[in-house]
Amino acid sequence: MQKVRAFLEANNIMIHEVNTVKKSEFDLVIEIPTAVGGLFYFCKAKNNKRISNADLSNAYVQGQLKKLPVVFLSPGELTKPARNFMKDLKGLTVTRL
């Protein structure tokens with residue numbers, strides 16, 4: 001969580017809500033400042049070496065339930081099928097820490 005907070009603070013992103021799912025997995029609601037005002041996003045932060053389709057799909061569905069676009073933060077790399085799967089999903093951004 002320290003890496004996530006450091007990344008978000010470095011990019012002037014405000015955290016509005018934090019839920020701990022597991023020791024290395026967090027669900028957040030964040031506000032990203034833009035020229036037209038702050039935009040709210042659902043953020044899934046997960047400490048995995050590899051990001052699979054299931055990880056992306058789970059985060060996307062949670063974002064849809066909250067009616068927010070999704071930011072997926074992880075130090076890991078996307079698997080090849082996950083890269084192809086991500087092209088089909090609109091409103092999902094994956095960022096490496």
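The paragraphs below lead through a predicted model, beginning with its strands and moving on to a helix, some loop residues and a pocket.

A convenient place to begin is strand S1, residues 14-22, which pairs with strand S2, residues 25-32, in the antiparallel sense over seven bridges. The two strands form a hairpin with two residues between them, and one point at which the reader can check the register is methionine 14, which stands opposite glutamate 31 in S2. From S2 the chain passes into a further hairpin, made with S3, in which six residues lie between the strands. Here too the pairing is antiparallel, over eight bridges, with isoleucine 32 standing opposite leucine 39 in S3. The turn of this S2-S3 hairpin holds glycine 37, whose phi is positive at about 120°.

Strand S3, which covers residues 39-46, also has a partner in S5, and in this case the strands run parallel and are joined by four bridges. Alanine 45 of this pairing is found opposite leucine 73 in S5. S3 thus appears in an antiparallel pairing with S2 and in a parallel one with S5, and the strand is mostly covered, with six of its eight residues buried.

Helix H2 deserves a closer look, since its length can be checked by simple reasoning. The helix comprises 13 residues, 53-65, which at 1.5 Å a residue should span 18 Å, and the value agrees with the model because the end C-alpha atoms are 18 Å apart. Asp55, Leu56, Ala59 and Gly63 are buried in H2. Seen down the helix axis, the buried residues of H2 fall within an arc of 95°, so they line one face of the helix. On the other side of H2, by contrast, Ala54 and Leu65 are exposed.

Several loop residues can be read in the light of the elements on either side of them. Asparagine 12 lies in the loop between H1 and S1, and has a positive phi of about 55° although it is not a glycine. Lysine 67, in the loop between H2 and strand S5 (70-74), also has a positive phi, near 60°, and is likewise a residue other than glycine. These values merit attention because most residues other than glycine have a negative phi. Asparagine 12 has a relative accessible area of 58%, over the 50% cut-off, and therefore counts as exposed, and lysine 67 is exposed at 74% relative accessibility. A contrasting case is leucine 89, placed in the loop between helix H3 (80-88) and strand S7 (92-96), which has a relative accessible area of 15% and is therefore buried, since this value is under 20%. Leucine 89 and serine 57 are 32 residues apart in sequence, yet their C-alpha atoms are 8.9 Å apart in space.

The last feature to consider is the largest pocket, in which about 170 Å³ of space lies. Its lining consists of 13 residues, and those closest to its centre are Met1, Lys3, Val4, Phe26 and Asn47. Helix H1 (2-10) and strand S3 each supply at least two residues of this lining, and the largest share, three residues, comes from H1. Sorted by class, the lining of the pocket has seven nonpolar, three polar and three charged residues.

Note on methods
Residues numbered from 1 in each chain as written. Predicted model: local features only at pLDDT ≥ 70, side-chain atom pairs only at ≥ 80, totals over all residues. Heavy atoms only, no water. 1 Å grid on protein atoms, 1.4 Å probe; cavity = no way out; pocket = protein on both sides within 12 Å on 5 of 7 lines; lining within 4 Å. Points joined across faces, edges and corners; volume = space filled by probe spheres on them. Nonpolar A, V, L, I, M, F, W, Y, C, P; charged D, E, K, R; others polar. Pairing = 2+ DSSP bridges. Expected span 1.5 Å × (residues − 1). Buried < 20%, exposed > 50% of the residue type's maximum accessible area, 1.4 Å probe, protein only. Arc of directions from axis to C-beta.
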